[in-house]
Amino acid sequence: MTKRLPIFPLTGAVLFPGMQLPLHIFEPRYRAMVGDALIRDRLIAMIQPQRPIEGAPLFEVGCVGRIGEIQAMDDGRYNLILQGTARFRLVRELEVTTAYRQVEAEIFDEDEDETLTHAQRGGFEREARHFADSQGYSVDWDSVERLDDRSLINGVSQIAPFDPASKQALLEAETLTDRCELLVQLMQFYGRHDGGEEIVTLQ
């Protein structure tokens, strides 16, 4: 199905289904967008622009978020938590009178019951441990082991310190298995970075 969505195009801010994204809304056009969303269905779509300039074309895939916790400030700004609900594919950008951009989007019909095999899960956790150690991250692995597959893969995809192009590729991965395999490749790629070298990126 297709749906009309207000969009927040922001380079590097990638939301995944089931995950949360904290946002500080201060620009007047996006304050208006939040106000309109609160009146309607509380939905806002996150999508990356192809270039970090005003009015740039958009990537084809983004994620719809539902406004959860929200704090309205006296000066009109908002602090809010956006809860990822579903990925979408851009159909077309709409001509609108609002200050913020809107699109027609096709909502992905995804298999919410998809899981990883035992071997895939084990291989991912081993690579994640190696990556965390190489980057000097402290991780509560007991908590990680209790996560379901989707929460684990989408969660790491959202918080991992990858460049925007890599995050976009993860979001566009068709299945949970595809995203898991790409995550392993990215951790291996980024894990080769030595602190004395220039930061590596995937383009």
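Which residues have the most contacts inside the largest nonpolar core? In this predicted model, local features need pLDDT of at least 70 and side-chain atom pairs count only at pLDDT 80 or more, whereas totals for chains, interfaces and linings use all residues. Residues are numbered from 1 along each chain as its sequence is written, and side-chain values use heavy atoms, with hydrogens and water left out.

The largest nonpolar core (a set of buried Ala, Val, Leu, Ile, Met, Phe, Trp, Tyr and Cys residues joined through side-chain atoms within 4.5 Å) has 43 residues, and those with the most contacts inside it are L82, F124 and F162. Helix α6 gives the most to this core, with 7 residues. Apart from this core lies another, of 12 residues, among them L5, A45, I47 and A105.

Helix α6 (helices being DSSP runs of H or I, at least four residues, numbered from the N terminus) covers residues 176–191, and its end C-alpha atoms are 22 Å apart, in agreement with the 22 Å expected for 16 residues at 1.5 Å a residue, where the expected span is 1.5 Å times one less than the number of residues. Its buried residues (under 20% relative accessible area with a 1.4 Å probe, protein chains only) include L183, L186, M187 and Y190. Leaving aside neighbours within four places in sequence, F162 is in contact (heavy atoms within 4.5 Å) with these four residues as well as with F131, K167 and L170.

D149, in helix α4 (residues 149–159), is buried, with a relative accessible area of 11%. Not counting residues up to four places away in sequence, D149 touches T115, L116, R121 and L176.

Notes
Helices (H or I, at least four residues) and strands (E, at least two) are DSSP runs, numbered from the N terminus. Buried means under 20% relative accessible area, exposed over 50%, partly exposed in between (1.4 Å probe, protein chains only).
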